[in-house]
Amino acid sequence: MLESDLTTLLAIAAVYVTGVIVPGPNFVATVHRAVSASRREALSLVAGIAVVNMLWATAAIGGITLLFAAAPWLFLAIKLAGAAYLLWMGLQLIRRAGAPIAAAGTGSGKGHWRAFRAGLMTNLANAKAVVFFASIFAAATPQDPTLWFALAVVASVGLIAFLWYGGLALLLSLGGAAAAYRRAKPWIDRLCGAVIGALGLKLAASG
């Protein structure tokens, strides 16, 4: 049983790694925060992303697929709300592209909380993440998973998310990337806003 659970855990982790490195709203949000704010704020955003990924993993183990099958309107509502948030976020970036850059590295607790909250909201808005997790767990998770297996899966999801997005944030928060952002802020913000808005439209239009 232990060997089977470990094999399943590794299989889930491998599929999750493949999914998490594909660019999406989390990727764009991490890149933008890393080059436009302090390193600590970028890592706060990453922490928010990791927390929601762990939430999705927990929900998937708990059988969220069955809930959506019984109430498809619920998934539709979540998807449309998420699409609306991504569109709003993209438009805000575009609208504020010409604004001056706020001072980075101030150590503001409010700044860190706002970044963490942005990570939460960006990931919560991505309803496709629910489908991704549900499909992985429906196919791979044992019918009656043990407690240690469930905890290990949730912990591995959080760790992988934090390592990937955290590494990306650390790399892009280096001086060269930040300096390049300062020089091209209006265009970078408009590009990030357009990408996030397009992802919101794609989410709204998806089946």
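User: Before I look at Ala47, which range of relative accessible area counts as partly exposed, in between buried and exposed?

Analyst: Buried means under 20% relative accessible area, exposed means over 50%, and partly exposed is in between. Keep in mind that this is a predicted model. Ala47 has 24% relative accessibility, so Ala47 counts as partly exposed.

User: Where does Ala47 lie, and what does Ala47 touch beyond residues up to four places away in sequence?

Analyst: Ala47 lies in helix H3. Leaving out residues up to four places away in sequence, Ala47 touches Phe116 and Phe162. Sequence separation and spatial separation can be read side by side here. Ala47 and Leu159 are 112 residues apart in sequence, and their C-alpha atoms are 9.9 Å apart in space.

User: Now the whole chain. How many helices and strands are there?

Analyst: Nine helices and zero strands. Along the sequence the pattern reads α-α-α-α-α-α-α-α-α.

User: Among contacts between residues at least 6 apart in sequence, how many join residues at least 24 apart?

Analyst: Of those contacts in the chain, 91% do. Add burial to the picture: 44% of the 207 residues are buried. The chain exposes about 10700 Å², with 73% of that area supplied by carbon and sulfur atoms.

User: How do I read a helix pair? Take H2 and H3. At what angle do their axes cross?

Analyst: Start with the angle cut-off: over 145 degrees counts as roughly antiparallel. Helix H2 spans residues 25-36 and helix H3 spans residues 39-61; their axes cross at roughly 165° and come within 8 Å. H2 and H3 are therefore roughly antiparallel to each other. Their crossing is right-handed.

User: Which residues of H2 and H3 meet?

Analyst: H2 brings Asn26, Ala29, Thr30, Arg33 and Ala34; H3 brings Glu41, Ala42, Leu45, Val46 and Ile49. By class, six residues in this contact are nonpolar, two polar and two charged.

User: Try the reading on H5 and H9. How do they pack?

Analyst: Helix H5 covers residues 72-95 and helix H9 covers residues 175-205; they pack at about 165°, with axes 7 Å apart. H5 and H9 are therefore roughly antiparallel to each other. Is handedness the next step? Yes: the crossing of H5 and H9 is left-handed.

User: Which residues make the contact of H5 with H9?

Analyst: From H5, they include Lys79, Leu80, Gly82, Ala83 and Leu86. From H9, they include Asp189, Arg190, Cys192, Gly193 and Ala194. By class, the contact of H5 with H9 has 14 nonpolar, five polar and three charged residues.

Note on methods: Residues numbered from 1 in each chain as written. Predicted model: local features only at pLDDT ≥ 70, side-chain atom pairs only at ≥ 80, totals over all residues. Heavy atoms only, no water. Axes fitted to C-alpha atoms, helices over the stretch in contact; angles between N-to-C directions. Helix = DSSP H or I, 4+ residues; strand = E, 2+ residues; numbered from the N terminus. Parallel < 35°, antiparallel > 145°, perpendicular 65-115°, else oblique. Left-handed = near helix turned anticlockwise from the far one by under 90°. Contact = heavy atoms within 4.5 Å. Nonpolar A, V, L, I, M, F, W, Y, C, P; charged D, E, K, R; others polar. Buried < 20%, exposed > 50% of the residue type's maximum accessible area, 1.4 Å probe, protein only. Areas by Shrake-Rupley, 256 points an atom, 1.4 Å probe, with all protein chains shown as cover.
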